[in-house]
Amino acid sequence: MEQPIPVKEIKILETAEDIQERREQVLTRFHEFKEAARLRREKLEDSRRYQYFRRDADELESWINEKLQAASDESYKDPTNLQAKIQKHQAFEAEVAAHS
């Protein structure tokens with residue numbers, strides 16, 4: 001069975017002091033709300049920056065692992081096709097320099 005919704009007593013504002021007091025209450029709650037919203041926005045911005053950092057770090061780690069694998073390739077011991085190997089090495093050096 002449904003529970004009845006509690007009825008909140010409505011205070012009738014009769015005097016200027018009552019109205020001023022209620023105004024102050026509303027303004028205080030509004031300022032508290034704005035401050036809470038500002039703090040929440042800061043946390044969200046921090047989280048966004050952290051996620052971008054993690055994404056960039058993960059991409060860089062993948063790139064480094066790829067280059068380490070290429071650097072550990074021992075095909076340099078085979079003297080055939082040296083010109084292609086030199087060009088490949090120069091491209092490798094340029095890419096590493098670009099990411100430094």
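A salt bridge here means a side-chain nitrogen of Lys or Arg sitting within 4 Å of a carboxyl oxygen of Asp or Glu. Keep that in mind for the close-ups below, and note that this is a predicted model.

**View 1. Arg48 and Glu45 pair up along helix α1.** The side chains of these two residues, Arg48 and Glu45, form a salt bridge with an N to O distance of 2.8 Å, so the pair falls inside the 4 Å cut-off. Both partners belong to helix α1, where they are 3 residues apart, or about one turn of the helix. Arg48 has a relative accessible area of 38%, which makes it partly exposed. Glu45 comes out at 27% and is partly exposed too. In general terms, side chains of opposite charge can pair when their charged atoms come close.

**View 2. Lys67 has salt bridges to Glu66 and to Glu95.** Start with Glu66: its side chain meets that of Lys67 at 3.4 Å, N to O. Then look across to Glu95, where the closest N and O atoms of the bridge to Lys67 are 3.1 Å apart. That second pair ties together distant parts of the chain, with Lys67 in helix α1, Glu95 in helix α2 (residues 82-98), and their positions 28 residues apart. Is Lys67 itself buried or exposed? Its relative accessible area is 12%, and because buried means under 20%, Lys67 counts as buried. Its partners are another story: Glu66 is partly exposed at 45%, and Glu95 is partly exposed at 30%.

**View 3. Glu35, Arg38 and Glu42 make up a salt-bridge network.** Here the three residues Glu35, Arg38 and Glu42 are linked to one another through salt bridges. For the wider tally, the structure holds 8 salt bridges.

**View 4. A nonpolar patch sits on the surface, built from Leu60, Ile64 and Leu68.** Together these three side chains offer about 260 Å² of accessible area. Ile64 is part of helix α1, which runs over residues 16-71. At a relative accessible area of 38%, Ile64 is partly exposed, and since a patch takes residues with over 30%, Ile64 clears that bar.

**View 5. The second largest pocket has a lining that includes Lys8, Glu9 and Ile10.** How much space lies in the second largest pocket? The answer is about 190 Å³. Besides the residues in the title, the lining takes in Lys11, Leu13, Asp18, Glu21, Arg22 and Gln25. Sorted by class, the lining has 6 charged residues, 2 nonpolar ones and 1 polar one.

**View 6. Tyr50 and Leu68 give a sense of distance.** Tyr50 is in helix α1 and is partly exposed, with a relative accessible area of 43%. From the C-alpha of Tyr50 to the C-alpha of Leu68 is 26 Å, for a sequence separation of 18 residues. Leu68 is one of the residues of the nonpolar patch in View 4.

**View 7. Ala84 and Gln69 lie 15 residues apart along the chain.** Ala84 is in helix α2. Its relative accessible area is 34%, so Ala84 is partly exposed, in between the 20% and 50% limits. The C-alpha atoms of Ala84 and Gln69 are separated by 18 Å.

Definitions and conventions: Residues numbered from 1 in each chain as written. Predicted model: local features only at pLDDT ≥ 70, side-chain atom pairs only at ≥ 80, totals over all residues. Heavy atoms only, no water. Patch = residues over 30% accessible without salt bridge, like charges linked within 9 Å, V, L, I, M, F, W, Y side chains within 5 Å. Areas by Shrake-Rupley, 256 points an atom, 1.4 Å probe, with all protein chains shown as cover. Helix = DSSP H or I, 4+ residues; strand = E, 2+ residues; numbered from the N terminus. Buried < 20%, exposed > 50% of the residue type's maximum accessible area, 1.4 Å probe, protein only. 1 Å grid on protein atoms, 1.4 Å probe; cavity = no way out; pocket = protein on both sides within 12 Å on 5 of 7 lines; lining within 4 Å. Points joined across faces, edges and corners; volume = space filled by probe spheres on them. Nonpolar A, V, L, I, M, F, W, Y, C, P; charged D, E, K, R; others polar.
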